[in-house]
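Me: Before I plan anything around this complex, I would like to go through it with you in questions and answers. Could you take me from the separate chains to the places where they meet?

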Amino acid sequence: MSDLNTAMTAKYRNNFLKEVEANVEEGEWVKMCMQCGVCSGSCPLGKHWEHPPQEIFMMIRAGKRDDVLKSDSMWMCTSCYNCIVRCPRELPITHIMHGLANYAKRMGLAPKSQPTNQFSQLFWDNMMKKGRVNELKLGLSLYFKDGFGDGVKNAMANQQLGMNMMKAKRMAPMEIIGGHSLKDVSGFQKMIKKAHEIEDQNIQDFS
Amino acid sequence: MTEVIATNQTILVVGGGISGMTAALEAAETGKQVVLVEKRPYVGGRVTQLYKYFPKLCFPTCGLEINQRRAKMNPNLTILTLAEVTDLKGSAGDYTASVKISPRYVNDNCTACGDCEKAVEAEFDDDYNYGMGQRKGAYLPHSMAHPLRYVIDPQMLGSEDAQKAKDACKYDAVDLDMQEETIEFKAGAVIWATGWRPYDAAKIQPYGYDRYADVITNVEFERMADPKGPTGGKLVRPSDGKEAKNVAFIQCAGSRDRNHLYHCSRICCMATLKQTHYVQEAWGDEGKSSVYYIDIRAIDRFEDFYRKVQENANVSFIKSKVASITQSKDSGKPVLNGVDTEGYNRYANEHDLVVLAVGMEPSVDPESFPVEIQLNREGFIEPATDNGGVFAAGCASDALDVNRSAQHATGAALRAVQVVNRVAGTEG
């Protein structure tokens, strides 16, 4: 390609597409989408999405930054991989959806009340405390996320399940006090913090 | 024993479809000696299985007749049917080909009177009609087969029926003792015109070609539309034989898909646009065609054909690669599921019959190819100098329609003629 052509191509490639390519995991694949629609048609949860994947890709190309990053669509992905298997251009669609969700979260634009988003935050907070996931506490925090009343109701509804899990040694009740932990928790937390800083530095600004 | 007189100035053409025939005739008509080797019992290849051509909607029989007449009149052309090249040794200007000839069990005495066919009872799947319907064990592959001679199916050999066929023949043409033979002869240049095969639709798992009887391929639909085909030209549902009035066409079934064929097969858009005419012809305003597509590739002068089909109110276009086909629990009909990318609307459309516009897979097997050959990523033969005196013609080189195949084959003939002319120059 000639230099002029490269320059023109760059000109027509809008900022948001560039931003996605630079900052979103697997984002460089977005431009490869040929809008056939097979991903949207193959998604088992597709009818619950506001924007199916191929529409998201088109919106990225159209520069609709807010509409994409504030959307709850990519949070609906259950990683069934139907879209990846069928995509005629082998786009890693599932991974792009997770990449977009992650980036939206980082930018503070992810929809706060979206349940997957909420659960992901609970999971993260839980893991950061001890460097290990405390399943008992994670379960409880999920039950009680909408307030004390709902929490008790949820716990009562699943009482039998909890008892059975304890019997089968699938749930350790003693985890409620402290719980198991990494040897060097503060070292772990420092490491994650550093990783976060490095990632933040790598984010390119296209505004 | 079949005898072939050939020298280093002979051109060997492998494959007798429209490309092979064209190349062979063009070369033979310049005065060169040509041997044409064809795997099937007749020449003409897949073109003989088409009902109509696009864009003129005329019948391929007319062009075939011209070519077959040219073949009959040309003393420079030798045609070997039921024959396959098993080996090729040497280099440009000096090849030795080994050709395996399978027995036809019918000799030159045959007048195609059809008495053997009447006498025989055994029936086998009709490969000419892609296995839709049956044919007798003694058969003429199709009504204008060239050479116009019957074939005895080897599956029938040793049975009473085979003897019945022999006894019925008034001309002593049935020879059940015919044996397979392998012959060797020289050639200066080789034109490789082995064509294409329809992509195996069963590999496109979500479309259920292997699960639903009413999901067929475009080549099968072509046979169905032909009055001489398995349904006598009636468009019907294979599951129950009922009328197929609401027909869906799925484009890019296998093509432009990295899970299947990398390339655009180029003919399928026009083939589908042509086939919507069959639906219209058969049922008038009651016949509805729905074309599911990514984008319609009706190149250069075909754009006009596309526009005319678009104007037909009985043909609708849905811009969507269909995600999956399921079966309706109530009607048993195929249901197409997907999202219309114009408006992002989800659909679940029921149709009587689904036609998969399957792509062209090159019939070039890199494993068993007799000489070193350069193939591209798609499996077609590259026009590389490394290929020596072997030149691809037609669909062995790329996904082409009949028109472009014939043009390409003429070019290949010229290349081959240049090689044998060079040989003639040194040999004097």
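Reply: A word on terms comes first: domain bounds, as used here, come from an automatic or database domain assignment. The model itself is predicted.

Me: Which residue ranges make up domain 1 of chain B in the domain assignment?

Reply: The assignment gives chain B a domain 2 at 115-168 and a domain 3 at 199-360. Domain 1 is written as several ranges, and these are 10-102 + 180-195 + 363-427.

Me: What distance separates the centres of domain 2 and domain 3 of chain B?

Reply: These two domains do touch, since 6 residues of domain 2 of chain B are in contact with 6 residues of domain 3 of chain B. The side of domain 2 that faces this contact has 2 nonpolar, 3 polar and 1 charged residues. Taken over C-alpha atoms, the separation of the two centres is 32 Å.

Me: Which helix of chain B gives the most residues to the largest nonpolar core?

Reply: That core has 157 residues, and those with the most contacts inside it are B:Val13, B:Ile191, B:Trp192 and B:Leu356. The contribution of 8 residues that ranks as the most comes from residues 402-427, which form helix α8.

Me: Which alanines does B:Ile191 touch, leaving aside residues up to four places away in sequence?

Reply: The partners of B:Ile191 include B:Ile11, B:Val13, B:Val14 and B:Phe391. The alanines on its list are B:Ala23, B:Ala393, B:Ala412, B:Ala413 and B:Ala416.

Me: What radius of gyration does chain A have, set against that of a compact globule?

Reply: The secondary structure of chain A comes to 12 helices and 0 strands, and its C-alpha trace spans about 70 × 40 × 30 Å along the principal axes. Of its 207 residues, 26% count as buried. A compact globule of 207 residues would have a value near 17 Å, whereas chain A has 21 Å.

Me: Which element gives the most to the side of chain A that touches chain B?

Reply: In this interface, 17 residues of chain A are in contact with 17 residues of chain B. The elements of chain A that give two or more residues to it are α3 (38-42) and α4 (53-61). By class, the chain A side has 5 nonpolar, 7 polar and 5 charged residues. With 4 residues, the element that gives the most is α3(A).

Me: What ipTM does the predictor give the complex?

Reply: For chain B, the mean pLDDT is 95, and 100% of its residues reach 70 or more. For the complex, the predictor gives a pTM of 0.91 and an ipTM of 0.86.

Conventions. Residues numbered from 1 in each chain as written. Chains lettered and ligands numbered in written order. Predicted model: local features only at pLDDT ≥ 70, side-chain atom pairs only at ≥ 80, totals over all residues. Rg over C-alpha atoms; globule rule 2.2 N^0.38 Å. Buried ≥ 20, exposed ≤ 12 C-beta atoms within 10 Å, placed from the backbone. Core = buried A, V, L, I, M, F, W, Y, C linked by C-beta atoms within 7 Å. Contact = placed C-beta atoms within 7 Å. Nonpolar A, V, L, I, M, F, W, Y, C, P; charged D, E, K, R; others polar. pLDDT = per-residue confidence, 0-100.
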